[in-house]
Every structure is written in C-alpha cells, then in structure tokens.
Amino acid sequence: MSPFTKLARQLKHLTIITTCVIATLAAIRYWPREPLSTRIASSTAVFDRNNKLLRLTLAEDEQYRLWTNLDEVSPEFIEALLLHEDHHFYSHPGVDPVALVRATWATITRSSHQGGSTISMQLARLLYHLNTRSVSGKLVQIGRALQLELCYSKKDLLEAHINLLPYGNNVQGVGTASLIYFGKSAKQLSLPEALSLVLIPQSPSARQPDETEPASLIAARLRLFNEWQQEHKTTDTLQSMSLPLRYVSLDALPFMAPQFVNRILDDARNGDSRSSRIITTLDRNQQILLERILQHYVRDRNNAGVRNASAMLIDVRDMSVRASIGSAGFFNSSISGQVNGTTAKRSPGSALKPFIYALAMD
C-alpha cells in the first residue's frame with residue numbers, strides 16, 4: 001500500500017469520525033427539551049389597570065422570584081452584568097480557562113480569593129445547588145456549565161441567570177428586586193439602579209438595602225461606574241453615582257384587595273394561562289378610597305350592630321370591576337373576614353316581595 005493511499009484512508013476515517021462527532025453534538029444541541037423557565041419556580045405578580053402592584057406571591061420554593069424575560073430588562077443592566085461578571089460570555093464555551101488560571105494563581109500566590117467563574121458556571125451552581133468550595137465540586141460545576149452551553153443558547157443561559165441572582169432574604173432575580181426595591185419594572189431601571197442590582201448579588205447579606213443604602217454598595221457602584229465610563233459615553237457623573245438610592249423595604253410589599261386577588265389567582269391556576277404577570281381591571285386609587293368609605297361606614301354604625309360589610313365598584317361602560325372589598329377585615333376571624341361577601345350566596349329576603357306581589361296582582 002502506497003503512503004498516499006494510506007494517508008487517504010486515514011483522512012477518510014478522520015472525516016467520518018469528525019462528521020459523527022459534529023452530528024452528535026448538533027443532535028444534542030437541537031434535541032427538543034423543556035426550557036429553563038419551566039425548571040425555575042416563579043412568583044405571580046398581580047397589577048391594577050395602571051400597572052401598580054397589588055400583590056406578589058411566593059414561588060413554590062418560598063422565594064420571591066418573578067420570571068423576567070431578557071427583553072424585559074434594562075440594556076444597561078445586561079451590559080453592566082457582562083462587564084462586571086463575564087467579559088467573554090458570548091465567545092467562550094461555558095468555561096474561561098484564562099480566568100480560571102488567573103483566579104487559581106491569585107489564590108495560591110496572594111492567599112486571596114478571586115472569582116474565575118463564568119456566568120454559565122454561576123448558573124450551574126445556582127441551578128443544580130452545587131457546593132463549589134472543593135476541587136471535586138468545582139469540577140462538577142465546570143462539567144455542568146459545559147452541559148448547559150451544549151443544550152441551551154446563550155440567550156437562554158443569560159435569561160435563567162438573571163432570574164436566579166440572589167438579592168438577600170428570599171428575593172431572587174433582577175425583575176423581582178427591581179419591583180420590590182424600586183417599585184418599577186427592570187426595563188425602567190436608571191443607570192445607578194442597574195449598577196447596584198448588578199453588585200448586590202456579589203454579597204447579598206452585606207449589600208442588601210433596607211430603605212438606606214449600605215456604604216459598601218455605594219463604593220462598589222463607584223468602582224463599577226469607572227469601568228463603565230471607559231466603554232460608554234454617559235451624562236452621569238461620579239457625584240450623581242455617589243448619591244444614596246432610595247429603596248423600598250421588603251416589608252412594604254402591598255397586599256391589596258385580598259379576596260379579589262385570591263379569586264384572580266384561583267382562576268389563573270385553574271385555567272390554561274401560567275403567566276407570571278396578571279393585569280386586572282382594578283384601580284388601586286379607587287380601591288383605597290372605597291376601603292376608606294367602607295371602614296367609616298362600619299365604624300359609624302357599630303352601635304347599631306353593623307360589624308361587617310362588602311362593596312364593589314363597577315364601571316357600567318364596560319362592566320369592569322374597579323374596586324372590590326369582600327369584608328371589613330380580611331384577617332378578622334370574628335367576622336369570617338376571609339369570606340368574600342361580594343360572591344357569597346345569601347338569602348334575597350324582601351327583595352323578592354315586589355315580584356311576588358306583582359305576580360299575585362296580575
């Protein structure tokens with residue numbers, strides 16, 4: 001056999017092996033599988049007609065985690081996240097060897113911890129609840145990251161990652177943190193707010209805001225802003241970045257129109273829709289006004305034996321419910337406050353008399 005014939009056969013075998021490997025990888029990559037969103041439990045947010053929050057429920061795992069799509073997040077947040085966490089997210093296969101070597105060398109020579117995990121590796125740790133403090137745990141994390149990269153697109157991985165970011169207590173995901181801390185959607189974040197929400201997950205216990213902003217978070221935001229300025233032109237200044245942001249406490253989450261919202265949530269669970277955001281016809285301002293009127297009514301007639309009441313405000317133009325109160329006190333067991341008086345069956349009483357009399361006279 002001539003050397004050329006032998007070389008041709010070897011090339012043929014190599015081509016067949018390469019084709020099989022590529023075909024196998026392609027089959028794994030494009031094989032139908034459930035999206036990552038179905039593997040991550042989501043809260044449900046119920047809003048009024050003007051997108052004001054009425055209630056945010058807990059997810060099945062007792063976390064406040066409102067699933068948020070990538071296109072529903074501020075572009076500044078995404079860019080700042082990649083700038084701070086993973087410069088080469090779109091070019092590496094799930095693991096950045098240079099970052100790993102740099103982190104290992106820093107740990108050995110300076111006895112200091114330096115992160116070398118990519119976003120894919122961080123997602124693997126959060127998604128599979130991995131302990132990555134040991135060498136074996138880190139190897140499992142790398143393997144899982146490569147597996148995720150093979151099975152899902154970069155968009156899918158980044159989207160899942162931003163929904164699992166920890167923000168202290170049981171708050172997870174940038175959409176949830178934006179809604180709770182700033183009372184707005186993640187799409188409406190300003191640059192200082194976006195930078196802060198990138199940084200809190202690095203140390204949730206120390207940087208978690210509670211109305212006042214920790215000094216460590218302000219200092220970290222200034223450092224990240226310096227990096228941001230090198231790549232972006234912005235009208236924001238170091239002075240504006242150093243101003244403390246105003247946050248809303250987790251304890252201030254609204255719990256409005258409880259019976260009405262409960263019915264909406266029950267309908268959503270029993271229906272085909274599994275949306276994490278529900279827009280209702282209720283008007284929060286009118287709900288507050290009607291609650292105040294009903295409380296005054298019950299208080300003024302307490303001496304006459306009035307202990308409970310319910311009310312509903314309907315727009316007759318389209319028959320939409322603008323305000324609904326099922327009882328005078330949702331948590332008052334003495335009046336069975338959790339019973340929804342607007343839907344409870346009750347005797348018509350004397351309301352039937354005119355019809356009976358009319359029928360008799362006829």
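Let me open with how the elements get their names: helices (H or I, at least four residues) and strands (E, at least two) are DSSP runs, numbered from the N terminus. With that in hand, one residue to keep in mind is Leu224, which sits in helix α10. And a word of caution before we go on: what you see above is a predicted model.

Hello everyone, and thanks for coming. Let me start with the whole chain. There are 14 helices and seven strands in its secondary structure. The chain has 362 residues, and 41% of them count as buried. Its accessible surface is about 21300 Å², with 56% of that belonging to carbon and sulfur atoms. For those of you who think in contact maps: among contacts in the chain with a separation of 6 or more, 63% are between residues 24 or more positions apart.

Back to Leu224, then. Is it buried or exposed? Buried counts as under 20% relative accessible area, and Leu224 is at 2%, so it is buried. Which residues does Leu224 touch, once we leave aside its neighbours within four places in sequence? They are Leu83, His84, Leu195, Val198 and Leu199. Take Leu199 from that set: Leu224 and Leu199 are 25 residues apart in sequence, with 8.6 Å between their C-alpha atoms.

Leu83, another of those partners of Leu224, takes us to helix α2, residues 75-85. The buried residues of α2 are Phe77, Ile78, Ala80, Leu81, Leu82, Leu83 and Glu85. What covers them? The cover includes α4 (119-128), α6 (154-164), α7 (174-182), α8 (191-199) and α10 (215-231).

Let me stay with α4 for a moment and look at how it meets α5. Two packed helices are described by the angle between their axes and the distance between the axes. For α4 and helix α5, residues 135-151, the axes come within 8 Å and cross at roughly 105°. Angles of 65 to 115 degrees count as roughly perpendicular, and therefore that is the description for α4 and α5. On the α4 side, the contact is made by Ser120, Met121, Gln122, Leu123, Ala124, Arg125, Leu127 and Tyr128. On the α5 side, it is Lys138, Gln141, Ile142, Arg144, Ala145, Gln147, Leu148 and Glu149. By class, the residues of this contact divide into eight nonpolar, four polar and four charged.

The loop between α4 and α5 holds His129. His129 is not a glycine, yet its phi is positive, at about 55°. With a relative accessible area of 70%, His129 is exposed. Now for a second residue with a positive phi: Asn169, at about 50°, and not a glycine either. Asn169 is placed in the loop between α6 and β4, and a relative accessible area of 61% makes it exposed.

That loop brings us to strand β4, residues 171-172, where Gln172 lies. Gln172 counts as buried, at 17% relative accessibility. Setting aside residues up to four places away in sequence, Gln172 touches Gln63, Tyr64, Arg65 and Leu66, and also Asn163, Leu164, Leu165, Pro166 and Tyr167.

Last topic: charges. How many salt bridges does the structure hold? The count is 10. One of them joins the side chains of Arg221 and Glu213, at 2.5 Å from N to O. Arg221 is buried at 0% relative accessibility, and Glu213 is buried too, at 10%.

Further along, Asp315 forms a salt bridge with Arg317, with the closest N and O atoms 2.7 Å apart. Asp315 counts as buried at 9% relative accessibility, whereas Arg317 is exposed at 74%. Then there is the salt bridge of Asp318 with Arg322, where the closest N and O atoms are 3.9 Å apart. Asp318 is partly exposed, with a relative accessible area of 46%, while Arg322 is buried at 11%. Through shared partners, salt bridges join Asp315, Arg317, Asp318 and Arg322 into one network.

That's my tour. Thanks for listening, and I'm happy to go back to any of these spots on the screen.

Conventions
Residues are numbered from 1 along each chain as its sequence is written. This is a predicted model: local features need pLDDT of at least 70, side-chain atom pairs count only at pLDDT 80 or more; totals for chains, interfaces and linings use all residues. Side-chain values use heavy atoms; hydrogens and water are left out. Buried means under 20% relative accessible area, exposed over 50%, partly exposed in between (1.4 Å probe, protein chains only). Contact means heavy atoms within 4.5 Å. A salt bridge is a side-chain nitrogen of Lys or Arg within 4 Å of a carboxyl oxygen of Asp or Glu. Accessible areas come from the Shrake-Rupley method with a 1.4 Å probe; for residues, only the protein chains shown count as cover. Axes are lines fitted to C-alpha atoms, for helices over the stretch in contact, and angles run from 0 to 180 degrees between N-to-C directions. Angles under 35 degrees count as roughly parallel, over 145 as roughly antiparallel, 65 to 115 as roughly perpendicular and the rest as oblique. Ala, Val, Leu, Ile, Met, Phe, Trp, Tyr, Cys and Pro count as nonpolar, Asp, Glu, Lys and Arg as charged, and the others, Gly among them, as polar.
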